[in-house]
Amino acid sequence: MIELLGKKHNKSDFDCGKELLNSYIQNQAGQDVKRKLSACFILTDDTNEIQGYYTLSNNSIPLNSFPENIRKKLPKSYTSIPATLLGRLAIDIKYQGKGIGKILLIDALKRSYEISKEIGSFAVVVDPIDEDAEKFYEKYGFIKLPDSGKMLIATKTLKELFE
Ligand SMILES: CC(C)(COP(=O)(O)OP(=O)(O)OC[C@H]1O[C@@H](n2cnc3c(N)ncnc32)[C@H](O)[C@@H]1OP(=O)(O)O)[C@@H](O)C(=O)NCCC(=O)NCCS
């Protein structure tokens, strides 16, 4: 089941092989949730083990960081474009390669799409931690923004997927 991070979840044993993502869930996610800086969703079972997690936050992207073909379709009066940040996505090593990353990514995209019906969001943005992560997101249609290292998938594309 996928649910919001709570006190009952066993954060200390989580290991996805990437120290930054381990220490985020172990030491910072709870505080971020409390301060409303992010929402953190957990894939878990009856044992409260964390099999995987992702975070979502409001975000904005400077208009001039979009490639020309997208920028020309956006109003010039906007200096930044509203977006949803999928800040982190990680699966515990024990569960990697079993389709869970895909399940959590689709859950995050579906949730972002639903939210965009009530709070405008042009795209879902990710900031891949390394080349492996980049390849994972590329597989699902994310495109690279020039210069920043960030990648995005347009909400319009999500509409085609989920409607
Ligand atoms: C990257 C990560 C989220 C993928 O999760 P996962 O559960 O192992 O992936 P899945 O089993 O759901 O794989 C889904 C598909 O993506 C592919 N895939 C997985 N990792 C990939 C990678 N690094 N590069 C390219 N494709 C990848 C799989 O081959 C699979 O394709 P298929 O459906 O055609 O067989 C996971 O390995 C992870 O947590 N890594 C460490 C943290 C990390 O790098 N997070 C990235 C975001 S910051």
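Helices and strands here are DSSP runs, numbered from the N terminus. The model is predicted.

**View 1. The ligand sits in the largest pocket**. The elements giving two or more residues to the shell around the ligand are β4 (80-91), α3 (100-116) and α4 (131-139). In total, 21 residues surround the ligand. Leu89, Ile91, Gly99, Gly101 and Lys139 are the closest. α4 gives the most to this shell, with six residues. By class, the shell holds 11 nonpolar, four polar and six charged residues.

**View 2. Backbone atoms of Gly97, Lys98 and Gly99 approach ligand oxygens**. For Gly97, a backbone N or O atom lies 2.8 Å from an oxygen atom of the ligand. For Lys98, a polar backbone atom is 3.2 Å from a ligand oxygen. For Gly99, the distance from a backbone N or O atom to an oxygen atom of the ligand is 2.7 Å. On its own, the ligand has 900 Å² of accessible area, and the protein covers 73% of this area. Gly99 is also among the closest residues of the ligand's surroundings.

**View 3. The largest pocket is lined by 32 residues**. Its volume is about 680 Å³. Nearest the centre of this pocket lie Leu21, Leu89, Ala90, Ile129 and Ala133. Leu89 also belongs to the residues closest to the ligand. At least two lining residues come from each of α1 (19-34), β4, α3 and α4. β4 gives the most to the lining of the largest pocket, with seven residues. The lining of the largest pocket divides into 17 nonpolar, seven polar and eight charged residues.

**View 4. The second largest pocket holds about 320 Å³ of space**. Its lining has 14 residues. Ile70, Lys73, Phe122, Ala154 and Lys156 lie nearest the centre of this pocket. α2 (68-71), β7 (151-154) and α5 (155-162) each supply at least two residues of the lining. α5 provides the largest share, four residues. Seven residues of the lining of the second largest pocket are nonpolar, four are polar and three are charged.

Notes. Residues are numbered from 1 along each chain as its sequence is written. This is a predicted model: local features need pLDDT of at least 70, side-chain atom pairs count only at pLDDT 80 or more; totals for chains, interfaces and linings use all residues. Side-chain values use heavy atoms; hydrogens and water are left out. A residue is near a molecule or strand if one of its heavy atoms lies within 4 Å of it. A polar contact is a pair of N or O atoms within 3.5 Å; within protein, one must be able to donate a hydrogen and the other to accept it, and residues adjacent in sequence count only if both atoms are side-chain atoms. Accessible areas come from the Shrake-Rupley method with a 1.4 Å probe; for residues, only the protein chains shown count as cover. On a 1 Å grid over the protein atoms alone, a cavity is a set of points where a 1.4 Å probe fits but cannot get out, and a pocket is an open set with protein on both sides within 12 Å along at least five of seven lines; lining residues have an atom within 4 Å of a point. A molecule sits in a cavity or pocket if more than half of its atoms lie within 2 Å of its grid points. Ala, Val, Leu, Ile, Met, Phe, Trp, Tyr, Cys and Pro count as nonpolar, Asp, Glu, Lys and Arg as charged, and the others, Gly among them, as polar. Grid points are joined across faces, edges and corners, and a volume is the space filled by probe spheres set on the points.
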